[in-house]
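Me: I'd like to learn how to read packing in a protein model. Could you walk me through it, one feature at a time?

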Amino acid sequence: MAKTYALVGTGGRARMFYEAILGPHRAEARLVALCDTNQLRMDFTNKVIVDELGGTAVPTYKASSFAAMIAETRPSTVIVTSIDRTHHLYIIAALEAGCDVITEKPMTTDPEKCQAILDAVERTGRQVRVTFNYRYAPHNSALRELIAEGAIGKVTSVHFEWLLDTRHGADYFRRWHRDKRNSGGLMVHKSTHHFDLVNFWLGSQPETVFGMGDLKFYGRANAEERGVFTPYTRTTGVEAAKNDPFAIDLTANPIQKGLYWDAEGEDGYQRDQNVFGDGISIEDTMNVIVRYRNKAVMTYSLYAYAPWEGFNVAINGTGGRLELTVHENSYINAGAGSETEGAAKGVKLYHFPLHGEPRVVPVQHGEGGHGGGDKIMLEEIFGNATPRPGYGANHRDGALSILTGIAANKSFATGLPVDVKTLVKL
C-alpha cells in the first residue's frame, strides 16, 4: 500500500519531492494535498502535476487550514518546504497530529525553534527526517568511507571552502533569503549542508564555534562604492535592468513565471529583487573555525560572488591527507527541473598517505541533482531501496548541522567564541 504525503510550501524546493512521488515512485507513494500561503502558487503546482507529470490534481489548503488538511486527507507524512522561519510551525503541528515529517534543510533557524522541535519529537515519538542529499553524492560517500577505513589515521583538521558563483550565489540576495529573519543567513540556510557533511564525515559534532562574517559585495552601499548604480528595486520588465548581468526576468522562464510572477498579486512577494538594492541583512563573506568533540578543528569559508561554483575540502590526519575538489553546475532556483541543481561537472579525490605514493581515488560519477545525491536519497525515502546505515539524517542531525551556523551568527554579532552546548539541550 502506497504511503501518503502532504506537501507544505510549493515554491522552488517542492518540485524535487512531488516529481519523485509522481514519477519513479508513484507505485510506492501518493501525494494527497498541497498547502501554501498562496493559492495561485498551489494552482500552478497542480497544473504541473497534471500537464507535465501525468498525475491528478490534489486538494489545496491555505496555511491557515493546515489542521483541516491533516484531518481531511490523513497523510502518513508531511513534507515541509516552506520558508525556513516557518518550518517549526508545520513540523511540530504535524508531529502532534500523529504524522512523521520530512523537512528541507535547514530544519529551522534559531535555538528556540530547534528546541521546540526536539521537544516535540520526544513528546510524540514521531520521526523527523532532514533531507541532506549531499550525504548521498558518491564523492561525499567515498570521502566518508576512506576516513572510516583509517586511510589517513585519526582526523586532526579540516579545511573546507565553498564557493557560490554570481548566478547561484546572487540568487539568495534576490529572494526572501536576503532577510536574515527568514533564513538565518547563509550560515544556516546554505552552510547547514556543509556543516552536516563534516559531522557526517568525521562522525563527530561541533563543540566550539568562532566566526566573522560581513556583507562585502551585494547591497547598495557596496555596489556604489565600486561605482555601480542600480536605481531599481526589482528587475523584471525594468528597462534600466536590461544590461544588468545580475538581473533576472521572471517572465522569461515558465516555472518562475507560474510560481512567482503570476502569483505575485496574491501576496506581493517579489522573487526578482535587485541584489544591489537596500534591505539585505545577510552576509556574503563568511569565515568560521569549529572545534569538534573528537578535537579535530575545521577552518571553513563561504563566499557568494565566486567565479565558479563548487567546493574544495582537505582533511588531515595522523596517517595522511585527503583532498576533494568538486565543480558543480550553477543554477537559479526554479529555473529548470530539479535534476540540474548542483549537478557535479568535475570531481577529483586524492589520497596522500603519510608514507607512500599519492593516488587519485576513482569515484563513480553521480548523475542528477546535488552530485547525484538527490536520486539515491529519494529512492531511499520514497522507494524500496534498503536504507544505508548512517545516511538518513534525523532531527538530531538536523539540529547539529544548524547549531554550527547559529553559533557562527552569534559569534559574528559578539566577536566571541560560542559553546554549542549552551544553545540547545540535545
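Me: Let's start with the crossing of two helices. In which hand does helix 1 pass helix 14?

Reply: Happy to help, and keep in mind that this is a predicted model. Helix 1 crosses helix 14 in a right-handed sense. Helix 1 covers residues 15-22 and helix 14 covers residues 373-382; their axes are 11 Å apart and the packing angle is about 60°.

Me: How should I describe that orientation in words, and why?

Reply: Angles from 65 to 115 degrees count as roughly perpendicular and those under 35 as roughly parallel, with what is left between these ranges called oblique. Helix 1 and helix 14 are therefore oblique to each other.

Me: Which residues make the contact between helix 1 and helix 14?

Reply: Helix 1 supplies M16, F17, A20 and I21, while helix 14 supplies D374, M377, L378 and F382. Sorted by class, this contact has seven nonpolar residues, one charged and no polar.

Me: How much of helix 1 is buried?

Reply: Look at each residue's relative accessible area: under 20% is buried. In helix 1, eight of the eight residues are buried, so the helix is largely enclosed by the rest of the structure. The buried set is R15, M16, F17, Y18, E19, A20, I21 and L22.

Me: Now a second pair. How do helix 5 and helix 15 cross?

Reply: Helix 5 spans residues 111-124, and its axis comes within 11 Å of that of helix 15, at a crossing angle of roughly 170°. Since angles over 145 degrees count as roughly antiparallel, helix 5 is roughly antiparallel to helix 15. The contact is built from P111, C114, L118 and V121 on helix 5, together with H395, A399, I402 and I406 on helix 15. Its residues divide into seven nonpolar, one polar and no charged.

Me: What is the general idea behind a nonpolar core?

Reply: In soluble globular proteins, nonpolar side chains tend to be buried together. Here the largest nonpolar core has 123 residues, and F160, W201, Y218 and F382 have the most contacts inside it. Helix 15 (residues 395-414) gives the largest share of this core, seven residues.

Me: What does F160 touch, leaving aside its neighbours within four places in sequence?

Reply: With those neighbours set aside, the contacts of F160 are H194, V198, W201, M298, T299, Y300, S301, F311, N312 and V313.

Me: Let's turn to a charged residue. Is D196 buried or exposed?

Reply: D196 sits in helix 10 (residues 191-202). Its relative accessible area is 1%, so D196 is buried. Beyond its neighbours within four places in sequence, D196 is in contact with F132, R135, D397 and S401.

Me: And for loops, how would I read H365 and H370?

Reply: Take the position, then the accessible area. H370 lies in the loop between strand 14 (359-360) and helix 14, and H365 is placed in the loop between strand 14 and helix 14 as well. H370 is buried at 3% relative accessible area, whereas H365 is partly exposed at 43%.

Me: What surrounds H370, and how far is E104 from H370 in space?

Reply: Neighbours within four places in sequence aside, H370 is in contact with R13, N133, Y134, A137, Y331, E341, G342 and A343. H370 and E104 are 266 residues apart in sequence, and their C-alpha atoms are 14 Å apart in space. For H365, the C-alpha atom is separated by 8.0 Å from that of V347, a residue 18 places away along the chain.

Note on methods
Residues numbered from 1 in each chain as written. Predicted model: local features only at pLDDT ≥ 70, side-chain atom pairs only at ≥ 80, totals over all residues. Heavy atoms only, no water. Core = buried A, V, L, I, M, F, W, Y, C linked by side-chain atoms within 4.5 Å. Buried < 20%, exposed > 50% of the residue type's maximum accessible area, 1.4 Å probe, protein only. Helix = DSSP H or I, 4+ residues; strand = E, 2+ residues; numbered from the N terminus. Contact = heavy atoms within 4.5 Å. Axes fitted to C-alpha atoms, helices over the stretch in contact; angles between N-to-C directions. Left-handed = near helix turned anticlockwise from the far one by under 90°. Nonpolar A, V, L, I, M, F, W, Y, C, P; charged D, E, K, R; others polar.
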